[in-house]
Amino acid sequence: MKIVHAASEFFPYVKTGGLADAVASLCGVLADNGHEVSVFLPGYRAALEHKDAAKAERTARLKIEMGDQFLSGDVRMFSPRKNLKVHLVCREEFFDRRNPYGNGERDYEDNADRFIFFCKGVVEALRLSDLQADVVHAHDWQAALLPMLLRDAERRYDVTLAVKTVFTIHNIAYQGLFPRTVFARTNLPEDLNNMDGLEYYEQINLLKGGILFADRVTTVSPRYAQEIQTPEFGNGLDGVVQTREHDIMGLLNGVDLSVWNPATDALLPARYSAANLAGKQLCRAELLKRCNFAPGYKGPIFGMVCRFAEQKGLDLLLANQDFFMLGDCRLVVLGSGEKRYEEEIQQLVSQAPEKISLSARLDEAMSHLIEAGSDFFIMPSLFEPCGLNQMYSQIYGTVPIVSRVGGLIDTVTDADEQPASGTGLMGAPTKEGLRNALERARQLFADPARMSAVQKRGMGKDFSWKTAAAGYEELYRESI
Ligand code: ADP
Ligand code: GLC
């Protein structure tokens, strides 16, 4: 099949979270399976500076209608592997910036223009290339206008650009909400500027457009597909999602085992497998060293790697700070995002630098070392569409401590509740829920035979992309 993806992130060219990993590994597997895959990304500075992009060729010049203006840009293409073409939709004014979405605390003022331009750039590139895609698959709010714009362009130019459109919700909490005046820059027919279209409580909601107008909608775990149809997890769009209840399905993300595999991971000081965990001890020693902790420490190490956002349950971690401050343990946190979390965790570090460490930055190598060198990985998310780190942890023999939400429910089972098959510890997304799981982690650690059984079960789980990719292929093939 000819499959086109459009997303705002793609590992290793631009990444702020799991979206980058998920889109890149899905495209990689589809390419390996023999499909002709094209992925469109905004031409961010980081992507253009990546060594793979050095060979990029300009494949189209763009003149994009945005309201009553025309904005120029171009598309540059390179092919990092067989059957995969990466197309960067470029316009310096919009994308030649250090961060994709904003400067630290605030989003860029022109985000609506940036991502409308991106989606229109994809449509125009498809029109100019005459690719005739079997599927155009858009991800998250930044690409959510694509299904609407594509069908609109087909009407305007009387062409077929794609047989089918698919839209994947990676996180319904980020919707691309903008003032209503933004609608004019889409140049879509005025009858889409109402509550059956993009309008949402007197604003414009781009994510809503993707949900309503794609032929099929997916989420990144089966549980999340159900959750977002409820007010508790729908972030105000539960009613909109319900209108698509027959066209929505949850396909669980997988793990790219060429990047996340302790037996081959080049970012680690030593490699290991379930059959021989000696390398994990070396990773532990290196982690203790990197955090300036005493080298011979024998107690439990708790790791955490995440975007610093409310979603990730950092408030629950902070509410349980006495567990870490008073008990025998080490806590290693890596993350970046909201400054308030960084400051509060830094406070803990200054009170107990011998047992708590914070790396407030994006650091791919450190994220691998934490996954490998820790005993437990903490992920007390308030909601979690899929979550990747709990899967990485299991593969790395690090027991995940997660809350019972979304994709975490679909990928972890509790070792106390299911002694023969459990691979993690689970609790409600509350202060007490996390506390209970942390206490049980300490008990598990104190019982080496049981701990080792739980670790090895996790390492034996199959989180490869095979199943998910087959699910997408079936969805692509199904007639509308
Ligand atoms: P989300 O997409 O909501 O952020 P996921 O669990 O799906 O959550 O994916 C997060 C990804 O981002 C993981 O690959 C994780 O290792 C990575 N990550 C998050 N914060 C950092 C950081 N500070 N440095 C390196 N990698 C990070
Ligand atoms: C989002 C979600 C996360 C998911 C990732 C990849 O960022 O927050 O749960 O794993 O997308 O699909």
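**Figure 1. Pro12 and the loop ahead of helix H1.** In this predicted model, Pro12 sits in the loop that runs between strand E1 (2–6) and H1. The peptide bond joining Phe11 to Pro12 is cis, with omega at about 5°. If you are following the chain on screen, this is a good peptide bond to pause at before moving on to the helix.

**Figure 2. Helix H1 and what follows it.** The 15 residues of H1 should span 21 Å at 1.5 Å a residue, and the C-alpha atoms at its ends are indeed 21 Å apart, so the two values agree. H1 is mostly covered, with 13 of its 15 residues buried. After the helix comes Gly34, which has a positive phi near 95°. His35 belongs to the loop between H1 and strand E2 (36–42). With a relative accessible area of 6%, His35 is buried. The C-alpha atoms of His35 and Gly471 are 14 Å apart in space, while the two residues are 436 apart in sequence.

**Figure 3. Ligand 1 and its shell.** Here we look at the 22 residues around ligand 1, of which Gly18, Arg307, Lys312, Arg361 and Leu388 come nearest. By class, the shell holds seven nonpolar, seven polar and eight charged residues. Helix H1 (18–32), strand E15 (301–308), strand E16 (330–337), helix H13 (364–373) and helix H14 (389–395) each contribute at least two residues to this shell. E15 gives the most, with three residues. Both domain 1 (2–254 + 465–479) and domain 2 (278–459) give residues to the shell, and ligand 1 therefore lies between them.

**Figure 4. Polar contacts of ligand 1.** This view picks out individual atom pairs. The side chain of Arg307 places an N or O atom 2.7 Å from an oxygen atom of ligand 1. For Arg361 the backbone takes part: one of its N or O atoms is 2.8 Å from a nitrogen atom of the ligand. A polar backbone atom of Asp363 is 2.9 Å from a nitrogen atom of ligand 1. On its own, ligand 1 has 560 Å² of accessible area, and the protein covers 93% of it.

**Figure 5. Ligand 2 and its shell.** Ligand 2 is surrounded by 14 residues, and the closest are His170, Asn253, Glu384, Cys386 and Gly387. H1 supplies the largest share of this shell, three residues. Sorted by class, the shell has six nonpolar, six polar and two charged residues. Because domain 1 (2–254 + 465–479) and domain 2 (278–459) both give residues to the shell, ligand 2 lies between them.

**Figure 6. Polar contacts of ligand 2.** Three contacts with oxygen atoms of the ligand are worth finding here. In the side chain of Asn253, an N or O atom is 2.8 Å from an oxygen atom of ligand 2. Gln311 has a polar side-chain atom 3.2 Å from an oxygen atom of ligand 2. Cys386 takes part through its backbone, with a polar atom 3.0 Å from an oxygen atom of the ligand. Of the 310 Å² of accessible area that ligand 2 has on its own, the protein covers 94%.

**Figure 7. Ser221 and Phe377, two buried residues.** Ser221 is in the loop between strand E13 (216–219) and helix H7 (222–227). Its relative accessibility is 0%, so Ser221 counts as buried. Ser221 and His170 are 51 residues apart in sequence, and their C-alpha atoms are 9.1 Å apart. His170 may be familiar from the list of residues closest to ligand 2. Phe377 lies in strand E18 (residues 376–379). Phe377 is also buried, with a relative accessible area of 0%. From Phe377 to Ile401 the C-alpha distance is 5.9 Å, with their positions 24 residues apart in sequence.

**Figure 8. Positive phi at Asp140 and Asn292.** Asp140 is not a glycine, yet its phi is positive, about 60°. Asp140 is in the loop between strand E8 (133–139) and helix H5 (146–157). Asp140 is buried, at 8% relative accessible area. Asn292, which is not a glycine either, has a positive phi of about 60°. Asn292 is found in the loop between helix H9 (278–290) and E15. At 67% relative accessibility, Asn292 counts as exposed.

Methods
Residues are numbered from 1 along each chain as its sequence is written. Chains are lettered from A and ligands numbered from 1 in the order in which they are written. This is a predicted model: local features need pLDDT of at least 70, side-chain atom pairs count only at pLDDT 80 or more; totals for chains, interfaces and linings use all residues. Side-chain values use heavy atoms; hydrogens and water are left out. A residue is near a molecule or strand if one of its heavy atoms lies within 4 Å of it. A polar contact is a pair of N or O atoms within 3.5 Å; within protein, one must be able to donate a hydrogen and the other to accept it, and residues adjacent in sequence count only if both atoms are side-chain atoms. Accessible areas come from the Shrake-Rupley method with a 1.4 Å probe; for residues, only the protein chains shown count as cover. Helices (H or I, at least four residues) and strands (E, at least two) are DSSP runs, numbered from the N terminus. Ala, Val, Leu, Ile, Met, Phe, Trp, Tyr, Cys and Pro count as nonpolar, Asp, Glu, Lys and Arg as charged, and the others, Gly among them, as polar. Domain bounds come from an automatic or database domain assignment. The expected span of a helix is 1.5 Å times one less than its number of residues. Buried means under 20% relative accessible area, exposed over 50%, partly exposed in between (1.4 Å probe, protein chains only).
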